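Reader: I'm new to this and keep tripping over the labels people use. Could we look at a structure together and go through where the labels come from?

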Amino acid sequence: MKIRQWNRSLKIRLAGEGIFNLFYWMYFPFMAIYFSDVLGNAVTGALMSIPPLVSIIGNIIGGNISDYIGRRIIMIIGSSIQTLMFALFALSVIYDNHWLSYGCFLGISLGGTIYSPASSAMVADLAEKSDRREIFATFITANNVGAVLGPVIGSFFFFNYLSGLLWVCTFIMVIYTTLILLYIKESVPTLKREEIGIKTIPKLISNQLYDYWFVLKDKIFFQYIIGGVLAVIAIMQLDLYFAYYITSYVPAQDLFNFNNWRLSLNGKEILGLILGINGLLFVFFVLPVTKWLKGWTDRNVFILSAILAGGGMFLVGFTTNIWILLLLTIIFTFGEIVRAPVIKNFIADYAPDNSRGTYMGAADLQFTIGRFLAPLTLFLSEWMNPLSIFSIILLAAFFSGFMYIRLYKHYTP
């Protein structure tokens, strides 16, 4: 489905989220460095563990309430919080108030996670079932363009013009929030939205707790979460144990050596090359791969992802050769690529129309829990050799595939 055929709301959001995501990646990767310089490593280490908890709260609130009062209003609330926090963040930098800066950083995270499940639910509301994977893949591509280009551009502006960068982010959010207000229409089914007028705040909170308890008691959905957690543990290793392995075990070597021309890279430079290739593969291949696998069921795509991501990562433990490592990077990156569009597509198909926001919010638990557990590989590396660690990663990926196989034995789309 070509972008010009999309619903207008989706077009506006693709442009707005794509531009904002570019600026997001211009500051986000450097926040730990920023707070370490002004607050110290120990304090920063503790502070940076809080945003994932904020993300859980934001996802739960944003996802569930969007089923009651609408996707559009929740998106406006989320983007408005981000706008205000960016403005305060810019002022805190001017007045050198580091604790206010941290509070604004948390506020930006909260606004983003309130916005996200409602945004994903709106895509599911508006897209035809046959087009959902491709549309989700297009949003993923736009986000990854920002993830690749943002840090490169931001490395200059963040450290030289931080306040100006934050004011630009504020300006972009003002424009985007205004566009949501003026041009984006509500997409949520009306059933729950009609009930909100007679609810008190305590009643709404109790309903939220009930809704999430009901969702998490759903055996099929629970298997989906467990499968997702195991998959995230494996995929996150690119930034964790895989990065440690490359910098600690892979020696400096020639990438090219032809006649009198040679290019030699050390472990850190090899890691940088691999991370760059990973990002570029996402940008250029998410959409083509999604189209190639359009005839595949979500079940088979999940299983293929487990095989590619787990197998590719496991084989890394047998080599330190740069060219073999680059080949394996392509293999496990494609394992991540094929999975990305079907994660939310499953929820779009499975969740009841008037509970999509709740399910989208709950589905993000797989990323939060997975990111929390993934660093255990670094902890275990104190006592285990690399091949043992990569074997654990392989088992996590394969058990993920097994959970998806079990899931689809009880669920037929």
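**Why the labels fit**

Author: Sure. Let's start with a pair: Arg13 is buried, and Glu17 is buried too. Keep in mind that this is a predicted model.

Reader: What makes Arg13 and Glu17 a salt bridge?

Author: The rule asks for a side-chain nitrogen of Lys or Arg within 4 Å of a carboxyl oxygen of Asp or Glu. Here the N to O distance between the Arg13 and Glu17 side chains is 3.3 Å, so the pair meets the rule. Searching the whole structure turns up one salt bridge.

Reader: Where do Arg13 and Glu17 sit relative to each other?

Author: Both are in helix α1 (residues 8-27), four residues apart, so about one helical turn separates them.

Reader: Why is Tyr34 called buried?

Author: Buried means under 20% relative accessible area. Tyr34 has 13%, so the label fits. Phe35 comes out at 0%, so it counts as buried as well.

Reader: What makes the rings of Tyr34 and Phe35 an edge-to-face pair?

Author: Two steps. Ring centres have to lie within 6.5 Å, and planes over 60 degrees apart count as edge-to-face. By this rule the structure has 24 aromatic pairs. For Tyr34 and Phe35 the centres are 5.2 Å apart and the planes are at 70°, so the pair is edge-to-face.

Reader: How do you know that Phe35 and Tyr102 are edge-to-face?

Author: Same reasoning. Their centres are 5.6 Å apart with 80° between the planes, so both cut-offs are met. Phe35 belongs to helix α2 (residues 31-39) and Tyr102 to helix α6 (residues 98-126), so this pair ties together parts 67 residues apart in sequence. Phe35 and Tyr102 are both buried.

Reader: Which residues do ring pairs link into a cluster?

Author: Phe221, Tyr224, Phe302, Phe346, Tyr350, Tyr404 and Tyr408.

Reader: How do you know that the length of helix α4 agrees with what it should be?

Author: Helix α4 covers residues 51-69, which is 19 residues. At 1.5 Å a residue it should span 27 Å, and its end C-alpha atoms are 26 Å apart, so the two agree. Buried residues of α4 include Pro51, Val54, Asn59, Ile65 and Tyr68. Just after α4, Gly70 takes a positive phi of about 110°.

Reader: What makes helix α11 "largely enclosed"?

Author: Of its 17 residues, 13 are buried, so the rest of the structure largely encloses α11. Its length works out too: for residues 219-235 the expected span is 24 Å, and the end C-alpha atoms are 24 Å apart, which agrees.

Reader: Why is Asp96 called exposed?

Author: Exposed means over 50%. Asp96 has a relative accessible area of 53%, so it qualifies. You'll find Asp96 in the loop between α5 (71-94) and α6.

Reader: What is notable about the phi of Asp96?

Author: Asp96 has a positive phi of about 60° although it is not a glycine. Most residues other than glycine have a negative phi.

Reader: And Tyr161: why is that one called partly exposed?

Author: Partly exposed lies between the buried and exposed cut-offs, 20% and 50%. Tyr161 is at 48%, so it falls in that range. Tyr161 is in the loop between α7 (132-160) and α8 (162-183). Together with Val145, Leu149, Val152, Ile153, Phe156 and Phe157, Tyr161 forms a nonpolar surface patch of about 630 Å² of accessible area.

Reader: How do you know that strands β1 and β2 pair?

Author: The rule needs at least two bridges between the strands. Five bridges join β1 (residues 253-258) to β2 (residues 261-265), so they pair, and they run antiparallel. In β2, Leu265 is the bridge partner of Gln253, while Ser264 stands opposite Asp254. The two strands form a hairpin with two residues between them, and Asn259 in the turn has a positive phi of about 55°.

Reader: Last one: why is Gln82 called buried?

Author: Its relative accessibility is 7%, and the cut-off is under 20%, so Gln82 counts as buried. Gln82 is in helix α5.

Note on methods:
Residues numbered from 1 in each chain as written. Heavy atoms only, no water. Expected span 1.5 Å × (residues − 1). Buried < 20%, exposed > 50% of the residue type's maximum accessible area, 1.4 Å probe, protein only. Phe/Tyr/Trp six-rings, centres within 6.5 Å; stacked < 30°, edge-to-face > 60°. Patch = residues over 30% accessible without salt bridge, like charges linked within 9 Å, V, L, I, M, F, W, Y side chains within 5 Å. Areas by Shrake-Rupley, 256 points an atom, 1.4 Å probe, with all protein chains shown as cover.
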